[in-house]
Amino acid sequence: MADFDVFSLESYHYILPEELIAQHPPEVRGTSRLMVLNRHGDGVCPIDAVFDNLPEFLPENALLVVNNSRVVPARLFGSRPRGGKAEMLLLTPPVLLEKSARICTDNADDATIRFEAEAEALLKPGRNIREKDTLDFGELQADVLKKKDFGRHTLRLVWSGSLTDILERAGKLPLPPYIRREQEADDISRYQTLYSRGDKKGSVAAPTAGLHFTGEMRERLLSLGVEWAEVTLHVGYGTFSPVREEDIRRHPMHAEYAEIPPATIEAVRRAKRDGRPVIAVGTTSARTLEGAALACAREGRELFVRDACAAGASSEPCETGWSGWIDIFIYPGFSFRAVDGLVTNFHLPRSSLLMLVSAFAGRERILRAYSHAVEAKYRFFSYGDAMLIR
């Protein structure tokens, strides 16, 4: 296949009947279907299974790496200064805004302590919102500092108390636009993984591969010798921003904040040393591992290799973990350093996530699997079924 085909946006298109887009989660968590796809080999057909069968398809003694970020109800509704409604989807993780917040010096005579921080957000209706406007979202005000492309804006947020508490009280979950309904009571629990952490509130979309996991499944995996480790990636605009460039290599990825604790770095190192596979649960976990590994490689060190001689570069024992902003865009031709397998959902046509799984297993193999999924009437996208690529 010629390079220009691999890098063409149209090469990642497929036909999906709208009725296969899951509008609700399965009635019981963990009862989704599971497609098992071998990453290598010729002419191997996907295996149709159910998610409860996942342990029997995982390689022996695998290490599962999950994303423990929690989705925040970051969709707020308010008003514009000249009248009319305003809608905001906060893109900057609130946990980071609270860390960087300054005491607001406006209205110094006011006894209430207020905080301010600069943030990125999507605003609607974009054409009716101007720079220097102040938008009122009740307990939260937003001064529009700069308008950007595709509805994105730079804002100065002002609030008192806890920003995350304000969002929990007033916000709605940012359900994806292909879920054509408003938030329902069930979404509050079902659009979160069971292992998301209260101190990791920062995602504007769920790491959806993790939605299938139950406490019982985790215990089964641990009892079978499957190791469990966690990373944090606060899922941001880069996950759902459409690829608009015909040559996908020109697509700008937006940065997302990620953290890898020392225990997870050591777990991946042990797995690599022992020849055990590292299975990323979700594309967010994969981007975290690969983004951090690539960032370290650019500094002349291998994050997930302990032995400096084996790495051919400096590699110190990890004591502080890794954290930073990553804007990694994974498409065919990418060399994976950490991930050997992937649990994921089915992704949108022409999306950067479809390009990621195509880089991992091959574009033609993935599109054949997706064609099979359509014929077999799998459920697609966030509340849909799962795939194991091994």
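Is Trp228 buried or exposed? I looked this up before anything else, and found that Trp228 is buried, with a relative accessible area of 13%. I note here that the model is a predicted one, and that I kept this in mind for each entry below.

**Entry on aromatic pairs.** I searched the whole structure for aromatic pairs and found 18. I then looked at one of them, in which the ring centres of Tyr195 and Trp228 are 5.4 Å apart and the planes stand at 80°, so I wrote the pair down as edge-to-face, given that an angle over 60 degrees counts as such. Tyr195 belongs to the loop between helix 5 (187-190) and strand 12 (201-203), while Trp228 belongs to strand 13 (residues 227-233), so this pair ties together parts that are 33 residues apart in sequence. Like its partner, Tyr195 is buried, and I noted a relative accessible area of 8% for it.

I also looked up Phe334 and Phe336, whose ring centres are 5.0 Å apart with the planes at 80°, so that this pair is edge-to-face as well. Phe334 counts as buried at 18% relative accessibility, and Phe336 counts as buried at 17%.

**Entry on a cluster and on charges over rings.** I found that Tyr14, Tyr178, Phe346, Tyr370, Tyr378, Phe380 and Phe381 form one aromatic cluster. Tyr378, a member of that cluster, also has the charged end of Arg33 over its ring, 3.9 Å from the ring centre. I recorded a further case at Phe360, where the charged end of Arg39 sits over the ring at 3.8 Å from its centre.

**Entry on the largest pocket.** I turned next to open space, and noted a volume of about 1,200 Å³ for the largest pocket. This pocket is lined by 46 residues, of which Leu175, Pro176, Pro177, Tyr178 and Phe240 are the closest to its centre; Tyr178 is one of the residues of the aromatic cluster above. Among the elements that each supply at least two residues of the lining are strand 8 (115-124), helix 9 (283-298) and helix 11 (352-361). Sorted by class, the lining holds 26 nonpolar, 13 polar and seven charged residues.

**Entry on enclosed space.** My search of the whole structure for cavities of 30 Å³ or more returned one, and the largest cavity holds about 70 Å³ of space. Its lining includes Pro25, Pro26, Arg29, Arg190, His212 and Tyr383. I counted by class here too, and the lining of the largest cavity divides into four nonpolar, five polar and two charged residues.

Conventions. Residues are numbered from 1 along each chain as its sequence is written. This is a predicted model: local features need pLDDT of at least 70, side-chain atom pairs count only at pLDDT 80 or more; totals for chains, interfaces and linings use all residues. Side-chain values use heavy atoms; hydrogens and water are left out. Rings of Phe, Tyr and Trp (its six-membered ring) pair if their centres lie within 6.5 Å; planes under 30 degrees apart count as stacked, over 60 as edge-to-face and the rest as tilted. Helices (H or I, at least four residues) and strands (E, at least two) are DSSP runs, numbered from the N terminus. Buried means under 20% relative accessible area, exposed over 50%, partly exposed in between (1.4 Å probe, protein chains only). A charge sits over a ring if NZ of Lys or CZ of Arg is within 6 Å of the ring centre and within 35 degrees of the ring normal. On a 1 Å grid over the protein atoms alone, a cavity is a set of points where a 1.4 Å probe fits but cannot get out, and a pocket is an open set with protein on both sides within 12 Å along at least five of seven lines; lining residues have an atom within 4 Å of a point. Grid points are joined across faces, edges and corners, and a volume is the space filled by probe spheres set on the points. Ala, Val, Leu, Ile, Met, Phe, Trp, Tyr, Cys and Pro count as nonpolar, Asp, Glu, Lys and Arg as charged, and the others, Gly among them, as polar.
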